[in-house]
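Please look at the chain shown here and work through the exercises below, trying each task before you read its solution.

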Amino acid sequence: MAIVMQISFDLDGTLIPYNNEFPTEKRSWWAKLLGIELIRKGTKTLIKTLQSQGNEVHIYTTSLRSKPYIRRMFRYYGIKIGKIITQKENEHTLQSLKISASKYPKAFGFDLHIDDAQGVQSEAEQYGFKVIIISPNDTFWIERILKLL
């Protein structure tokens, strides 16, 4: 099956809650003990659906979490992630391209980015990349994303 799209997701406020702004997947006591963070309820279903359609799914975050930690966290939930772009790599790449934005998915080969920050929407308009902004309180976020693809 040919790859249809390269899709990246933000973490904080999009897939990982800051507080209790959206329902989360269940995690075991040992996962909690190991520092596995909660993820938004439906994340596993959405990502598996996107992948079954031939899309590759990546993480594009400005957090300081390490790539191995992020990969391990998603593996706990049974989710396979492609590339992981963190703050350090993002900052270096955008500086080298002389792009003054928090994110620029095109620099990493991503066709679509999914985020919760309205500022990323403005950057998408300015720099010409595709983004879907989902609100933390959007209970139909999965349906909205699938409909907009």
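The exercises that follow concern a predicted model, and each solution goes step by step.

**Exercise 1.** Find how many helices and strands the protein chain has, and state the pattern that they follow along the sequence.

*Solution.* We begin by counting, which gives six helices and five strands in the protein chain. We then read along the sequence, and the elements appear in the pattern β-α-α-β-α-β-α-β-α-β-α. With a radius of gyration of 15 Å, close to the 15 Å that the globule rule gives for 149 residues, the protein chain is therefore as compact as a globular protein of that length.

**Exercise 2.** Describe how strand 4 and strand 5 are joined, and which unit they make with helix 5.

*Solution.* We start with the two strands: strand 4 covers residues 112–115 and strand 5 covers residues 130–133, and the two run parallel, joined by four bridges. Within this pairing, Asp115 stands opposite Ile133 of strand 5. We then add helix 5, residues 118–127, which together with strand 4 and strand 5 makes a right-handed β-α-β unit.

**Exercise 3.** What share of the residues is buried, and what share of the exposed area do carbon and sulfur atoms supply?

*Solution.* Taking a residue as buried when its relative accessible area is under 20%, we find that buried residues make up 48% of the 149 residues. Turning to the surface, the protein chain exposes about 8200 Å², of which carbon and sulfur atoms supply 55%.

**Exercise 4.** State what the C-alpha trace spans along its principal axes.

*Solution.* Along these axes, the C-alpha trace of the protein chain spans about 45 × 35 × 30 Å.

Technical notes:
Residues numbered from 1 in each chain as written. Predicted model: local features only at pLDDT ≥ 70, side-chain atom pairs only at ≥ 80, totals over all residues. Heavy atoms only, no water. Pairing = 2+ DSSP bridges. Right-handed = clockwise from strand over helix to strand, strands pointing away. Rg over C-alpha atoms; globule rule 2.2 N^0.38 Å. Buried < 20%, exposed > 50% of the residue type's maximum accessible area, 1.4 Å probe, protein only. Areas by Shrake-Rupley, 256 points an atom, 1.4 Å probe, with all protein chains shown as cover.
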